[in-house]
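Colleague: I should like to go through the reasoning behind the labels used for this model. Please set each value against its criterion.

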Amino acid sequence: MSIRIIPRLDIKGPNLVKGIHLEGLRVLGKPERFARSYYEQGADELLYMDVVASLYGRNSLLEIVRRTAQEIFIPLTVGGGLRSLEDIMAVLRAGADKVSLNTAAVGNPEFIRTASRRFGSSTIVVSIEAIRQPDGRYQAYTDNGRQTTGLDAVQWAIQAAELGAGELLVTSIDREGTGKGFDLELTRRIAESVPIPVIACGGAGTVEHVVEVIREGRADAVCLASMLHYAFIRDDPGTDDFSTEGNTEYLKTRGKLSRIHEAKLPQIKAALPARGVPCRPAAEAAVHV
Amino acid sequence: MSETKPTRVAIVDYGMGNLFSVQQACAQAGLAAAVTAEPQTVLETDAVILPGVGAFGDAMAELTRRDLVVPLRDAVASGKPLLGICLGMQLLMSESHEFGRHRGLNIIEGEVVRLPVSAEEPPRRVKVPEVGWNPVWPVREDAWVGSLLEGIPAGACMYFVHSYYVRPVDATLILSTTTYGPITYCSSLQFGNVFGCQFHPERSGPAGLKIYRNLATRLGRLYAEVERS
């Protein structure tokens, strides 16, 4: 079975941002440009996460989704602050194929059932953001790891699957943005406990990390952010105007982020089959038949 | 290619499925498509696309409630191309075993059955639903000639999201097969002017878009014939 490589694009207002542990966000550019490039380079899906999810930002998110859906023809998942069936309907209407739910699902687990009945299980991805506790257990958080839920992440995963989630997006807050590798134990514990696909997120710094989380972590798909974004920016500094907010200078010098080895999708996908991880060849995305 | 847009395609809206991406794929292929729930529009357009994501029983109930069942059958009988996608293909069959037994549109004789959950214990088990990219293979070397799959390389990966698959009684209708875990199933079929695919061509990158382009070419030829006659 082919695993999926899913570029994750964190969105704040009109911009693509990236942080560490989902904090300290920096502006990288316009998400549509990154999305277009990833599509052409063989991304299997895309994930847009509205990391601020304010009422103020919602219209710009829908606009980004709309523009993206006009030119990319792979599945697009959108998450961040979706609280009602109307919110879900709005992003689906804008062109998303699936939605990712976290806070709304934690606050009212029945919402998973309602939403999956209304839109189909395959449309509903439940996002679980977990932090490893001193006793080795994992606890689920909301609001980018700021708000504790008291839920055991593995138990919550099982419950979410039973309520009708079509997939689980499992993010290790501890590893997110660090390049130290995925949390293999977190991923494996959840992947082995549920009958639905698990997308591993948070910590990728090398191709080897991707191989590990598939083979040892039993993930069905992986999210990549920094590795891809940094390669994109290095290649194509582009014409985006970064002067208003943040800049990409730090990426070019990188400093403490040196754990993250930037890589492009064709490179990553070329390396995987030899390591026993089948995937859709990147070349198929580039060839217009 | 899209400067004259003579074609009119009805994307059937019965409240389920992502119609937007289907519409975008049509636009990309130069097909003038409209999302519609109007039975009359389904009858009047030159081609029909029946998309769908969700449960079979709910979908049939919605088609019935919106008086679309007979128009869809009539559209097929009139000879115009009909493209059924994912649940839209499954609905063409006689019946489904999803959450009980449900009658389908009965345009193609056959049934819709669940993907088997692999008997193997975790961590090696095959997950259901199947979500992701999987190659489609022609049943014979020339099986795709003249079909909407023409020109797509054998073994091209397409994007699937499903827990059920179709089993047509007449196996010669099958255009392509795909293997998931322990089984090889029908991933696309053709029955006269009806084409069905289990994958989502509008979410399958360039290979999937080729199906929409083929549909546009086919309609273009039909118009040329009409003009000549």
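**Interface and internal contacts**

Modeller: In this predicted model, the side chains of Arg203(B) and Asp97(A) meet, with N and O 2.8 Å apart.

Colleague: Why is the pair Arg203(B) and Asp97(A) called a salt bridge?

Modeller: The criterion asks for a side-chain nitrogen of Lys or Arg within 4 Å of a carboxyl oxygen of Asp or Glu. Arg203(B) and Asp97(A) have N and O at 2.8 Å, so the pair qualifies as a salt bridge. The rule finds 2 salt bridges across the interface of chain A and chain B.

Colleague: What makes up the side of chain A that touches chain B?

Modeller: Helix 2 (55–71), helix 3 (85–94), helix 5 (110–119) and helix 12 (283–286) of chain A each contribute at least two residues to that side. Sorted by class, that side of chain A has 22 nonpolar, 9 polar and 14 charged residues.

Colleague: How many residues of each chain are in contact, and what area is buried?

Modeller: Contact requires heavy atoms within 4.5 Å, and 45 residues of chain A are in contact with 37 residues of chain B. The two chains bury about 3100 Å² between them, 57% of it on carbon and sulfur atoms. Between chain A and chain B, 13 residue pairs are in polar contact, both residues being at pLDDT 80 or more.

Colleague: Why is Glu176(A) said to tie together separate parts of chain A with Lys18(A)?

Modeller: The closest N and O atoms of Glu176(A) and Lys18(A) are 2.6 Å apart, and the limit is 4 Å, so this is a salt bridge. Glu176(A) lies in the loop between strand 10 (167–172) and helix 7 of chain A, and Lys18(A) in strand 2 (residues 15–20) of chain A, so the pair joins parts 158 residues apart in sequence. Over all chains, the search finds 27 salt bridges.

Colleague: At what angle do helix 6 and helix 7 of chain A pack, and which residues make the contact?

Modeller: Helix 6 (residues 153–162) and helix 7 (residues 184–191) of chain A pack at about 35°, with axes 9 Å apart. Their crossing is right-handed. Ala153(A), Val154(A) and Ala157(A) of helix 6 meet Leu186(A), Arg189(A) and Ile190(A) of helix 7. By class, these residues are 5 nonpolar, no polar and 1 charged.

Colleague: What is notable in the backbone of chain B at Pro129(B) and Cys86(B)?

Modeller: Most residues other than glycine have a negative phi, and most peptide bonds are trans. The bond from Val128(B) to Pro129(B) is cis, with omega near 10°. Cys86(B) has a positive phi, near 55°, and lies in the loop between strand 4 (82–85) and helix 5 (87–90) of chain B.

Methods
Residues are numbered from 1 along each chain as its sequence is written. Chains are lettered from A and ligands numbered from 1 in the order in which they are written. This is a predicted model: local features need pLDDT of at least 70, side-chain atom pairs count only at pLDDT 80 or more; totals for chains, interfaces and linings use all residues. Side-chain values use heavy atoms; hydrogens and water are left out. Buried area is the accessible area (1.4 Å probe) that two parts lose on being put together, summed over both. A polar contact is a pair of N or O atoms within 3.5 Å; within protein, one must be able to donate a hydrogen and the other to accept it, and residues adjacent in sequence count only if both atoms are side-chain atoms. Helices (H or I, at least four residues) and strands (E, at least two) are DSSP runs, numbered from the N terminus. Ala, Val, Leu, Ile, Met, Phe, Trp, Tyr, Cys and Pro count as nonpolar, Asp, Glu, Lys and Arg as charged, and the others, Gly among them, as polar. Axes are lines fitted to C-alpha atoms, for helices over the stretch in contact, and angles run from 0 to 180 degrees between N-to-C directions. A crossing is left-handed if the near helix is turned anticlockwise from the far one by less than a right angle, and right-handed if clockwise.
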